[in-house]
Amino acid sequence: MTAELSPIDKAKYVAARRAVEFVEDGMRLGLGTGSTAAWMVRCLGELVREEGMMITGVATSTRTADLAREVGVTIKTLDEVRWLDLTIDGTDEYDPNLNLIKGGGGALLHEKVVATASDQMIVIADPTKQVDTLGAFPLPVEIIPFGWQTTKALIEEMLSNLDVLGRSASLRLSGTEPFRSDEGNYILDLHLRRIAQPAQLSLVLNQIPGVVENGLFLDICDVLVIGNADGTVEVR
Ligand code: 5RP
């Protein structure tokens, strides 16, 4: 599975492989989205096929659900399972307090719902995702398509009163069309550069009509597993 991996893929793979050591037979798992999470799903497939483990997964995207089925992991809906033992997901940024920016892959809404419905969340990452203060990565915000330009203007106006360095928002595109989340929503990427008060920003954003959810994952991550290109892993 790992022949001739690039250094970054090696780092992602070793983080994923270490994280699945937390998985026990019979667990109900939340499955994240993205290239790092995809390694985790492949590692779970090995546990199912080679060790006969019984794992039920709730996927955070159609991409993850497709991959999980392909490698032999049973997929159910969150409504069928209701509560999860553990979620393993990637991230776009993490800070020293294990706060995150997620949603680079456009799955932040399902990812937040699933992580919130889990006893524990493990985040898998490589050192390129580490920051002192969140915000270098544009903050994804999921909004409904209706009146999206008004919602964008309201967000930009709100940002002028907050302690952030950048204040512009851009509509995420897929080719020339707006990107659509699995819920059919749009995503705005907020170019903030430095988020001094993430909790305040998250609260204010989610109060704006038209905003569905934002990509700040605060006080949700329990364990961070960082993989390095040399094959070593750090668990925080
Ligand atoms: C998807 C996410 C991903 O976890 C995040 O974008 C990291 O992806 P990758 O592992 O490909 O770097 O939040 O919505």
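Visitor: In strand β3, which residue is the bridge partner of Gly 57?

Guide: The model considered here is predicted. Strand β3 covers residues 74-75 and runs parallel to β2, with 2 bridges joining them. In β3, the residue paired with Gly 57 is Ile 75.

Visitor: Through which helix does the chain cross from β2 to β3, and what is the handedness of this crossover?

Guide: After β2, the chain passes through helix α3, residues 62-71, before it reaches β3. This β-α-β crossover is right-handed.

Visitor: Which residue in β2 stands opposite Leu 31?

Guide: Strand β1 spans residues 28-31, and strand β2 spans residues 56-59. The two run parallel and are joined by 4 bridges. Together with helix α2, residues 35-51, they make a right-handed β-α-β unit. Opposite Leu 31, in β2, stands Ala 59.

Visitor: Which element gives the most to the shell around the ligand?

Guide: There are 18 residues around the ligand, and those that come nearest are Gly 34, Thr 36, Gly 90, Gly 104 and Gly 105. Two or more residues of this shell are given by each of α2 and α5, the latter covering 108-116. With 3 residues, the element that gives the most is α2.

Visitor: How many residues in the shell around the ligand are polar?

Guide: The shell is divided by class, with 3 residues counted as nonpolar and 4 as charged. Glycine belongs to the polar class under this scheme, and Gly 34 and Gly 90 are among the residues that come nearest to the ligand. The number of polar residues in the shell is 11.

Definitions and conventions
Residues numbered from 1 in each chain as written. Predicted model: local features only at pLDDT ≥ 70, side-chain atom pairs only at ≥ 80, totals over all residues. Pairing = 2+ DSSP bridges. Right-handed = clockwise from strand over helix to strand, strands pointing away. Near = placed C-beta within 6 Å.
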